[in-house]
There are 2 protein chains.
Amino acid sequence: MTGRRSVAEASNTRQNILSCAADMASVEGLEGLTVGRLATALGMSKAGVIGHFGNKLELQLATLDFAAEVFRREVWQPAQHVSAGMPRLFAICDSWMAYAGRPAFPGGCFIAAASHEFDSRPGPVRDALAAHMRQWHAQLVADASIAVEAGDLPTSTDVEQIAFGLEALAARVSPTRQIYGDERAAEHAKDSMLSLLGQPTART
Amino acid sequence: MTGRRSVAEASNTRQNILSCAADMASVEGLEGLTVGRLATALGMSKAGVIGHFGNKLELQLATLDFAAEVFRREVWQPAQHVSAGMPRLFAICDSWMAYAGRPAFPGGCFIAAASHEFDSRPGPVRDALAAHMRQWHAQLVADASIAVEAGDLPTSTDVEQIAFGLEALAARVSPTRQIYGDERAAEHAKDSMLSLLGQPTART
């Protein structure tokens, strides 16, 4: 029992470290993450923190995976069982903007911020980020393609453009709310998403 | 003459420092900017660099103003004499996406990256950034409002949403090109902008 409990405790500690790391990195960037400040925030020793990861790069990669898992749970999971194509695109817009409207991290959308932080910094963090982003992009393209086949989007639709547009609108919610203080940012994004999907809203 | 020449030389040196600082900050963030690395890149002493600004904060603020001036010259200037309203919005989409397609800074769009870096960091840099962004946002809202009055956009149009959408699409060009390697990012953004303005393109 002791062995099993200590494995569970180590797993809990690791999750606590990652949750705190994701919060800190969402505000100050993944590059700004330091083991020292993380240890202080958690009331742990630096050795205690780094022992779970080995080095800063592994901590950054694990923090990115943690944030991607939160995104998957909050945005993809509520939509994944909806019929593929336009119904699922609508469901994704719903869950995505509900998520962006009450950000899971104090600094706002983690993946969007990391994509601006690392877009011109080649290396393992950018590669891991790109893998997460490509997977999501491919999902959006797949559902848009099914929507075209079903006649829910015009045959002339550029499905890559649809995916680009949805990602762009979602990524802009956090900076708009935090810099302009615009509490309607998620609403603007959702209405613009529907407009790109050919479903303009009549909100006035 | 000597006095006048040294004023001109100091001004040139200051502009050279700012140009290098904007290039570096576009890749590594405004917070990552250090006087030491900037001095090394310019082949100057640290004292020589900081003498033009006083401290790191003033250097950050001057770098931000420099980047905002590049944006004004490249995006606003080509469009400013076009008729207000929809014609100017189209002209802005043209110059903006031409600018985003051949980024002025190695790290891509400076203002978009800074907005993600500083959105949850209150202070003078965020305040200055917000002032630049609000001015541009107000211009987009003003032209969208004139387009509504002229009947070029439906009366139900939410002009804040139009401005949000255009800003979101523009901001996503650099990370999309740099992370996905998608050379069509500016084209996707422009077509999506026209779609939000009720002018879907028929590119296939």
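Analyst: Two residues are in contact when they have heavy atoms within 4.5 Å of each other. Keep that in mind as we go through this model, which is predicted.

User: Okay, let's try it on a helix pair. Which residues of H8(B) meet which residues of H10(B)?

Analyst: From H8(B), the residues are B:Ile162, B:Gly165, B:Leu166, B:Leu169 and B:Ala170. Facing them from H10(B) are B:Ala189, B:Ser192, B:Met193 and B:Leu196.

User: And at what angle do those two helices pack?

Analyst: Angles over 145 degrees count as roughly antiparallel. In chain B, H8 (residues 159-171) and H10 (residues 185-196) pack at about 170 degrees, with their axes 9 Å apart. So H8(B) is roughly antiparallel to H10(B).

User: Now chain A. How many helices and strands does chain A have?

Analyst: Chain A has 10 helices and zero strands, so reading from the N terminus you meet α-α-α-α-α-α-α-α-α-α. Along its principal axes, the C-alpha trace of chain A spans about 60 × 40 × 30 Å.

User: What share of its contacts joins residues at least 24 apart?

Analyst: Take the contacts in chain A between residues at least 6 apart in sequence: 65% of them join residues at least 24 apart.

User: And what share of chain A is buried?

Analyst: Buried means under 20% relative accessible area. Of the 204 residues in chain A, 53% are buried. The accessible surface of chain A comes to about 8800 Å², and carbon and sulfur atoms hold 53% of that surface.

User: Last one: how many charged side chains of each sign are in chain A?

Analyst: There are 18 positive and 22 negative side chains in chain A, and the centres of the two sets are 7 Å apart.

Conventions. Residues are numbered from 1 along each chain as its sequence is written. Chains are lettered from A and ligands numbered from 1 in the order in which they are written. This is a predicted model: local features need pLDDT of at least 70, side-chain atom pairs count only at pLDDT 80 or more; totals for chains, interfaces and linings use all residues. Side-chain values use heavy atoms; hydrogens and water are left out. Helices (H or I, at least four residues) and strands (E, at least two) are DSSP runs, numbered from the N terminus. Buried means under 20% relative accessible area, exposed over 50%, partly exposed in between (1.4 Å probe, protein chains only). Accessible areas come from the Shrake-Rupley method with a 1.4 Å probe; for residues, only the protein chains shown count as cover. Lys and Arg count as positive and Asp and Glu as negative; His and the chain ends are not counted. The place of a charge is taken as NZ of Lys, CZ of Arg, CG of Asp or CD of Glu. Axes are lines fitted to C-alpha atoms, for helices over the stretch in contact, and angles run from 0 to 180 degrees between N-to-C directions. Angles under 35 degrees count as roughly parallel, over 145 as roughly antiparallel, 65 to 115 as roughly perpendicular and the rest as oblique.
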